[in-house]
Amino acid sequence: MIITRSWLEEFIDLSDVSNEKLYETFNSIGLEVDSLNEIKIAEKVVIGKILSVEKHPDADKLNVCQIDVGSGSRQIVCGAANVVDAEYVAVATVGAVLPGNFEIKDATLRGVESAGMVCASSELGLPDMGKGIMILDESIGELEVGCELGCYNKVSDTVIELELTANRGDCLSVYGVARDLSSALDIEMKPFDYKQQEKMKVDIGKEAELSIESTIDVDLSYKLATVETMKRSFLVDLRLAMVDVKAEDNLASLLAYATHTTGVILRAYESRLFRNSENRVVIAAKANSKGIVEIHANDHVSSVVGVHQSKESMATDESDLLLIEASYIHPDTLVEAVSTTSLKTDDLYYKTSRGSNPALEFGLLVLASLMDNYTDASCYEGTLGVRVERENETVIVDAKEISSIVGMDISLAKIVTILEKLAFKISKTDETTVTVLVPLFRHDIKHIQDVAEEIVRIIGINNIDAKAFVFAEKPRLNDVTARYKAKKAFKSSAVGAGYYENVSYVFSDKTLLEKYGFPVTDETLELANPIAEELNTLRSTILVNLLGAVKRNVSYTKKSIPLFEIGAVFGSKREQSEVISFVFSGQSEGENVRNAGKPTVVDFATFTQKVGAVIGAFELEPCTYTNGLLHPYQSANVLVDGKVCGFISKLHPTVQEAYGLPVTFIAEIDFDALLPKHINAHPISKFQGVYKDLSVVIDKRLSYYEVAKVLNGLQLDMLKDIYPVDIYEDEKLGEKKSLTVRFFIQSMEKTLEDGDIEGVMSQIMTSLENKCNATLR
C-alpha cells in the first residue's frame, strides 16, 4: 500500500509529526514501512505563467514561449507538444540544478535564445506522469507566479510504501491508514465535510430502477450523473503516479483516486447499455451462486461484483450519462466463491478479496466532491441500492484478561479509547468488562486475542516491559484427549505384543469390498474424484487393506507378519466409526535357537492370546458375522463386558489362496467398545481360596460355550472364577466327551470349610446334570 503524507493530512493533522515519528509509528503499529521517500524539488524551480507560444522559426517540433516567472518575462524554447494547452507550468530558471546534477544555463536552440526549461515531472525527481510537461493547476494550492514549486507540500511530498499483512484490507486506503494513525498518535480524525451539490432536481427513481432477481449477499449503491465536460486534475494525476496507479482517462483517474482514498469499490458504467425499450435505465442484479453476483444490462453481463467489469460497459470521458456503482461483499465469501470458478479478475479484485470499505455513501461522497471540482456534472437526487443484513462480530473484552495476554496492566478506559478510535463500537457490561462490536471492515477480528493484538499494536510493542515467559494453560482434558490417550496406549501395547502398525488410506477397492460381502457406499454418496482406480470408495473394513499389506510383505520373503491398524471405517450412508484390526500371517515367532530355526505356524490359540495382550480380557462365542473373509469353522464373536463388538477368525482358505498367503488369522473390533471406562473398585477377600477341578461327561456336540453359559448363570457368591482345563474324546466315550473345568472358590467372610466347598460343588454338578445332561466322570 502506497500513501503520501499530504494525502494523509486530508484526514489527520500531522503538522507536529515528523517523518521520523511517522516511520517509527507505522512500524510500531504493524504497518511495516517498506520505503519512505521525501521528494525535494530543486531550488530555482518556480511557478511560471505562459504569456505566449509561437512556433520555432527553424524547428517544427519546438515552440518559443514567453513565460512570466515572477522576476520578469523569460523566453524559453520548449519541445513538449502540450505546452500549447498550458497556462501554468514548472520552470527551472537559470542556475537551477536538477536531479542528475543537471544545471540549467542560458542556451541557444536552433538560433533562438532560451533562458530556462519548462519541466516534465520526471525531470524534477517526481514520478513519470506521461508524455509532455507538467500542466499545473490550483489543485495543489493557489498558484503564485515566481513562487518556488518546492513550497507546495502536495508536490514536495513524502511517499510512504507500507507492507501490509493479508488480514489488513482495512488499510488498503488512505482513510484506513489515517484511522490507525489517529489511534496510535492520539490525534482526532478530521471530518470529511462536503455537501453534494445535486444540481438536478430530478429523482433517480424517475430515470432508473434496480431489480434484484434473487437473494444476493452484496451491498450495492448507484448514482446517476450527467456529464458535459471532463477535465484533468494535476493533483489527482500526480498522486496516482506517486502511488503507482495507472488510469486510462480522466474519469478512470477520478474513480481510482476516490477508491484509493476511501477503500470503497467504485465503478462507472455506460448507462445507455442499461436502457430498456421504455428508455429507462434498468440495473438487474442476479446471484449466479453464493458470492457470485452478476450485474446485467439487458440480459448481458456487465460485471461481476467485486471481481471484474466488461470493457464495453465501462464509462469513458466521452460518456454523457454515468451510472456510478459502489459495492461491498464480505471478502471470505468472495474468495471462496471465486476459487471454485474460472472467472477473470481485475485490479479491484485485490481490494475486495482483502476487505474493502463497506461505507458506500462515504465513497460516493468523495467521488462527488472530485466530480464537482473537475467536471461539469449534475447528479440525480437520491440513490438506488440494496443492503444485506449482516451481524457484526461481538467480542466480550475483560480488562484483566487483556492485561494478562499483553503482559502489562492496561486500564479499561485505555482499551475503550483505543478501540473507539479504530471505529469499534463499545457498550459497557460492568466495571472491568465491555462488549465490543467489530466493524465490518475488520473481518479478521473474531476473538479476544485479536482484540489484544490491536491493543498491543497501538500501545507499541516497544512500550511493553519485557517479562519472563509464563505458560499457564487451562485444563483442556475432554473426550477427544481421552480417546487420543487410549489410542496411544493400544498402539504401545500392540507394538509390545510384537505387532507392526500399518497405515493406509481410508479408501479401498469397491470391487473387493463387494466380493467379500462388506457394505459399500451408496452411489449418490460415492467419491467424485478417487485418488486412484483401486482406491475408489470409502472403506467399510480395514482388513482388505491389511491383507494387501500382508501380500506385499510375503513378496518381500517375510515369514512372520503380525500387523495392526486403528482407523476409520464407513457405512453405506458414510456414517463413520473407528475399529482396531489385526492380521497375523505365517510363523508365530521368528526363527531362533529356542525353536531350532523351525517356529510353529500361528494358530487360533496363539492369535487369540496375541490379540488379548493388546485389548485386554474378552470372551468368545459362536460367530454371527457374515463376510467372505471368515473361516466357516474357526471364527467367533468377540465380547467385551458381555457385548459383541467384533470378530476373530482364521482367514477363509479361498481368500488365503487368492492372496497367496500362508496360514493367516484376522480380527476386527469396534474401538469404542475398548475405550477405558470408569470401573468401581470391588472388595477382595482376605481369606484363602481353593481351586477345585470337576470332570464331567457331556454330549460331544455340546460346546464349552453352552456349558459356560450355564455355569456363569449360577448366582453363587463364593464361586469367583471358572475356566476349562481339558477336553478329551476317545472311542470308549462314543458320542460323548470328557470336559474338565477348574473352579476358584473363596469366601468374603471366613475361611472355607469342607462343607462350604462341597456345597458349592454340589450345586454346580446339579446344574450341569439338569441343563447339560452331564454325568460325573
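Two strands count as paired here if DSSP finds at least two bridges between them. Keep that in mind as you open this predicted model, and let's start with a sheet.

**Stop 1: the seven-stranded sheet**

Select β27, β30, β31, β35, β34, β33 and β32, and you will have an open sheet of seven strands in exactly that order. The pairing within this sheet is mixed. Now look at the two ends of the row. Residues 500–501 form β27 and residues 619–622 form β32, and these two strands stand at the edges. Each has a single partner strand, so one side of β27 and one side of β32 is left without a neighbour in the sheet.

Stay at the β32 end and add β33, residues 630–640, to your selection. β32 and β33 run antiparallel and are joined by four bridges. For one pair to click on, try proline 622, whose bridge partner in β33 is alanine 636.

**Stop 2: the four-stranded sheet and its helix**

Next, select β37, β38, β36 and β39. In that order they make an open sheet of four strands, with antiparallel pairing. Which strands stand at the edges? They are β37 (719–728) and β39 (775–776); each has a single partner strand, so one side of each is left without a neighbour in the sheet.

Follow β37 to strand β38, which covers residues 736–745. Eight bridges link this antiparallel pair. Isoleucine 727 is a good landmark, with leucine 739 as its bridge partner in β38.

Now show helix α18 as well. This helix lies across β36 (690–699), β37, β38 and β39. Its direction is at about 15° to β36.

**Stop 3: from α18 to α17**

Keep α18 (residues 754–772) on screen and add helix α17 (residues 704–712). Two packed helices are described by the angle between their axes and the distance between the axes. Here the angle is about 130° and the axes are 10 Å apart. That angle makes α17 oblique to α18. The crossing of this pair is right-handed.

To see where the helices touch, show side chains. From α17, pick Val707, Val710 and Leu711; from α18, pick Ile764, Ser767, Leu768, Lys771 and Cys772. Colour this contact by residue class and you should find six nonpolar residues, one polar and one charged.

**Stop 4: a second helix pair**

For another crossing, go to helix α6 (residues 331–339) and helix α7 (residues 347–354). Their axes come within 7 Å and cross at roughly 125°. α6 and α7 are therefore oblique to each other. On the α6 side, select Pro331, Leu334, Val335 and Val338, which meet Tyr349, Thr352, Ser353 and Arg354 of α7. The classes in this contact are five nonpolar, two polar and one charged.

**Stop 5: three strands around β26**

Move on to strand β26, residues 433–437, and bring up strand β24, residues 394–398. The two are antiparallel, with five bridges between them. Within this pair, isoleucine 396 has threonine 435 of β26 as its bridge partner.

Then add strand β25 (residues 425–428), which pairs with β26 in the antiparallel sense over four bridges. Isoleucine 426 stands opposite valine 436 in β26. Trace the chain from β25 to β26 and you will pass through a hairpin of four residues.

**Stop 6: a buried aspartate**

Select aspartate 170, in the loop between β13 (158–163) and α3 (174–185). Is this residue buried or exposed? With a relative accessible area of 5%, aspartate 170 is buried, because buried means under 20%.

Show its surroundings too. Leaving aside residues up to four places away in sequence, aspartate 170 touches Gly176, Arg179, Asp180, Gly355, Phe441 and Arg442. Phenylalanine 441 is 271 residues away along the chain, yet the C-alpha atoms of the two are separated by 5.7 Å.

**Stop 7: two loops with a positive phi**

Most residues other than glycine have a negative phi. Asparagine 101 has a positive phi of about 55°. Find asparagine 101 in the loop between β7 (97–98) and β8 (102–103). Its relative accessibility is 68%, so asparagine 101 counts as exposed.

Finish at aspartate 244, where phi is also positive, near 60°. Aspartate 244 sits in the loop between α4 (234–242) and α5 (250–262). At 54% relative accessibility, aspartate 244 counts as exposed.

Definitions and conventions
Residues numbered from 1 in each chain as written. Predicted model: local features only at pLDDT ≥ 70, side-chain atom pairs only at ≥ 80, totals over all residues. Heavy atoms only, no water. Axes fitted to C-alpha atoms, helices over the stretch in contact; angles between N-to-C directions. Parallel < 35°, antiparallel > 145°, perpendicular 65-115°, else oblique. Left-handed = near helix turned anticlockwise from the far one by under 90°. Contact = heavy atoms within 4.5 Å. Nonpolar A, V, L, I, M, F, W, Y, C, P; charged D, E, K, R; others polar. Buried < 20%, exposed > 50% of the residue type's maximum accessible area, 1.4 Å probe, protein only.
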